[in-house]
Amino acid sequence: MPGGREGAPVALDIELWSFQIFHSCMDQTTPYNNLWIERKHRMVWTKQISSLHAGYLLEYQG
């Protein structure tokens, strides 16, 4: 599993134009997983770029 641990708890959320299409939390996830997802969504809507792109920009800018 690239970038993660096998058996690690996973929270998954898929939205399309601010409509939640799918949301699932595996066993052993915590409420913090959902808060993290919400923060990512707010950042994407605020900046209008992907969170991966934002991470690259922050890294590039130092």
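Ser 18 sits in the loop that joins strand 1 to strand 2. In this predicted model, Ser 18 shows a positive phi of about 70°, even though it is not a glycine. Gln 28 does something similar in the loop between strand 2 and helix 1: its phi is near 75°, again a positive value in a residue other than glycine. A further positive phi, about 60°, turns up at Gln 48, just after helix 1.

Helix 1 itself runs over residues 31–47, which makes 17 residues. From the first C-alpha to the last, helix 1 reaches 25 Å, close to the 24 Å expected at 1.5 Å a residue.

Helix 1 also matters for the question of open space. Rolling a probe the size of a water molecule over the atoms shows where empty space is left. The largest pocket holds about 440 Å³ of space, and 18 residues line it. Of these, Asp 13, Ile 37, Lys 40, His 41 and Val 44 lie nearest the pocket centre. Helix 1 hands over seven residues, the largest share of the lining. Strand 1, covering 11–16, is another contributor, and both strand 1 and helix 1 supply at least two lining residues each. As for chemistry, the lining of the largest pocket splits into ten nonpolar, five polar and three charged residues.

The surface has a greasy side to report as well. A nonpolar patch of about 1100 Å² is built from Val 10, Leu 12, Ile 14, Leu 16, Trp 17, Phe 19, Ile 21, Phe 22, Met 26 and Trp 45. Strand 1 gives at least two residues to this patch, and so does strand 2, which spans 19–25. Phe 22, one of the patch residues, belongs to strand 2.

Put side by side, the two features share a supplier: strand 1 provides at least two residues of the pocket lining and at least two of the nonpolar patch. Helix 1, for its part, gives the pocket lining its largest share, with Gln 48 and its positive phi coming just after the helix.

Definitions and conventions:
Residues numbered from 1 in each chain as written. Predicted model: local features only at pLDDT ≥ 70, side-chain atom pairs only at ≥ 80, totals over all residues. Heavy atoms only, no water. Helix = DSSP H or I, 4+ residues; strand = E, 2+ residues; numbered from the N terminus. Expected span 1.5 Å × (residues − 1). 1 Å grid on protein atoms, 1.4 Å probe; cavity = no way out; pocket = protein on both sides within 12 Å on 5 of 7 lines; lining within 4 Å. Points joined across faces, edges and corners; volume = space filled by probe spheres on them. Nonpolar A, V, L, I, M, F, W, Y, C, P; charged D, E, K, R; others polar. Patch = residues over 30% accessible without salt bridge, like charges linked within 9 Å, V, L, I, M, F, W, Y side chains within 5 Å. Areas by Shrake-Rupley, 256 points an atom, 1.4 Å probe, with all protein chains shown as cover. Salt bridge = Lys/Arg side-chain N within 4 Å of Asp/Glu carboxyl O.
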